[in-house]
Amino acid sequence: MKSGVAYLDLTGSGNETAAHLLHDGRITIMFCSFDSNAEIARIYGRGTVIRPDDKRWRELIAHFPKISGLRQIMEISVESAMTSCGYGVPRMGKTGEMAGRDTLEKYWATRGEEKKEQYWRKHNVQSIDGLPTGMDEATTPSSENSTRTRS
């Protein structure tokens with residue numbers, strides 16, 4: 001991959017990004033500044049869904065923290081990037097810890113791997129527009145990479 005980025009995708013209510021990457025591979029990631037600096041940045045590229053049975057899994061998962069609810073890694077080969085003013089983005093203030101919410105991680109930490117795979121089969125095998133996501137054949141990552149402890 002020339003220039004690329006990757007991010008962890010956690011088990012959630014849908015799996016739209018995986019379905020669309022399987023469909024045509026295109027992806028756009030948008031970053032917005034919600035503080036006093038009005039700015040937007042976008043990354044455009046082609047993406048790949050990396051799951052635990054993929055030969056690249058071990059290489060990529062080593063770059064991420066161990067976390068409950070892990071579903072897959074989205075790897076993006078960046079084709080272009082741009083910024084724009086962001087003047088239409090509203091200002092928002094800090095309402096809590098900067099680390100963000102941990103509700104989803106806590107939820108999956110109490111459910112176990114079997115419940116997570118059942119959830120995938122029920123809610124994550126098809127996008128809302130009917131495209132396959134590839135999750136019907138996916139299995140849970142090894143336990144060494146699926147749980148993170150918080151201090």
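Okay, let's start on the sheet: Leu 10 has Leu 70, over in strand 4, as its bridge partner. Bear in mind that this is a predicted model. Those two residues belong to the pairing of strand 1 with strand 4, residues 70-84, which is antiparallel and runs over 7 bridges.

Zooming out, the sheet is open, has 4 strands in the order 1-4-3-2, and pairs antiparallel. Which strands stand at the edges? Strand 1 (4-10) and strand 2 (26-32), each with a single partner strand, so each has one side without a neighbour in the sheet. From one strand to the next, the twist averages 40°.

Then there's helix 1, residues 16-24, which packs on the sheet and touches strand 1, strand 2, strand 3 (40-50) and strand 4. The direction of helix 1 makes about 75° with that of strand 3.

Now for the aromatics. The count comes to 2 aromatic pairs. In one of them, the rings of Tyr 107 and Trp 108 sit with centres 4.9 Å apart and planes at 90°, so call that edge-to-face. Trp 108 is also edge-to-face with Tyr 119, at 5.3 Å centre to centre and 75° between the planes. What does that pair tie together? Trp 108 is in helix 3 (residues 103-109) and Tyr 119 in helix 4 (residues 113-123), so it links parts 11 residues apart in sequence.

So how exposed is Tyr 107? Its relative accessible area is 36%, so partly exposed, while Trp 108 and Tyr 119 are both buried. Trp 108 comes in at 6%.

One last thing on Tyr 107: the charged end of Arg 111 sits over its ring, 3.6 Å from the centre.

Methods
Residues are numbered from 1 along each chain as its sequence is written. This is a predicted model: local features need pLDDT of at least 70, side-chain atom pairs count only at pLDDT 80 or more; totals for chains, interfaces and linings use all residues. Side-chain values use heavy atoms; hydrogens and water are left out. Rings of Phe, Tyr and Trp (its six-membered ring) pair if their centres lie within 6.5 Å; planes under 30 degrees apart count as stacked, over 60 as edge-to-face and the rest as tilted. Buried means under 20% relative accessible area, exposed over 50%, partly exposed in between (1.4 Å probe, protein chains only). A charge sits over a ring if NZ of Lys or CZ of Arg is within 6 Å of the ring centre and within 35 degrees of the ring normal. Two strands pair if DSSP finds at least two bridges between them. Axes are lines fitted to C-alpha atoms, for helices over the stretch in contact, and angles run from 0 to 180 degrees between N-to-C directions. Contact means heavy atoms within 4.5 Å.
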